[in-house]
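Visitor: I should like to understand how the terms used for this structure are justified. Please set each value against its definition.

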Amino acid sequence: MDKMLTFHFFRGLTNRQKWRFIEYEGGFAQGEPPRPEHLSTEQWEALWEQAHERAVREVSHAQREGYAILTIDDPHYPAGLKCCPDPPQALMGRGTVDNTCLPLAVVGTRKPTPNGLRATRQLLHELAPYPV
């Protein structure tokens, strides 16, 4: 299992703290993330195990449903997102990422309503002619 995906689901650190670990401390190549002072070793290990179990479930779900998971250390992760103040550690979705176009993401639920599906199709139809 990819440690970065487990890190995405880890609840003991904020996204900003996670990004700082990856960007400024060398990430997993340099070792494990620093344990926050407010968490005991046992709490840290329990949270890590829970995150790992969640990551395993998500990978299984992605394979069944046919969507991809990109972690922030993946070379295909959109470069523009890394510049955000609080970048997501992982992206899940269908399609391809083209870093030469203006970014556009449609974020929603896994169980959309018929109205939500209709509105999304209409929006994407209207945006299709543009380089996004």
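Visitor: How many aromatic pairs does the structure hold, and what makes two rings a pair?

Guide: The structure holds three aromatic pairs. Rings of Phe, Tyr and Trp (for Trp, the six-membered ring) pair if their centres lie within 6.5 Å; planes under 30 degrees apart are stacked, over 60 edge-to-face, and the rest tilted. This is a predicted model, in which local features need pLDDT of at least 70 and side-chain atom pairs count only at pLDDT 80 or more, whereas totals for chains, interfaces and linings use all residues. Residues are numbered from 1 along each chain as its sequence is written, and side-chain values use heavy atoms, with hydrogens and water left out.

Visitor: Why is the pair of F10 and W48 called tilted?

Guide: The centres of F10 and W48 are 5.7 Å apart and the planes make 50 degrees. The limit for a pair is 6.5 Å, and an angle neither under 30 nor over 60 degrees counts as tilted, so the name follows. This pair links distant parts of the chain, 38 residues apart: F10 lies in the loop between α1 and α2, and W48 in helix α3. Helices (H or I, at least four residues) and strands (E, at least two) are DSSP runs numbered from the N terminus.

Visitor: Which residues form one aromatic cluster with F10 and W48?

Guide: The cluster consists of F7, F10, W44 and W48. Contact means heavy atoms within 4.5 Å; leaving aside neighbours within four places in sequence, F10 is in contact with K18, W44, L47, W48 and A51.

Visitor: Is Q89 buried or exposed, and how do you know?

Guide: Buried means under 20% relative accessible area, exposed over 50%, and partly exposed in between (1.4 Å probe, protein chains only). Q89 has 0% relative accessibility, and therefore counts as buried. Its place is in the loop between α4 (79–82) and β2 (90–93). Beyond four places in sequence, Q89 touches ten residues' worth of partners including M4, F7, W19, I22 and I72.

Visitor: What makes a set of residues a nonpolar core, and which have the most contacts inside the largest one?

Guide: A nonpolar core is a set of buried Ala, Val, Leu, Ile, Met, Phe, Trp, Tyr and Cys residues joined through side-chain atoms within 4.5 Å. The largest has 18 residues, and F7, F10, I22 and I72 have the most contacts inside it. At least two residues each come from α1 (3–9), α2 (15–24) and α3 (41–65), and α3 gives the most, with five.
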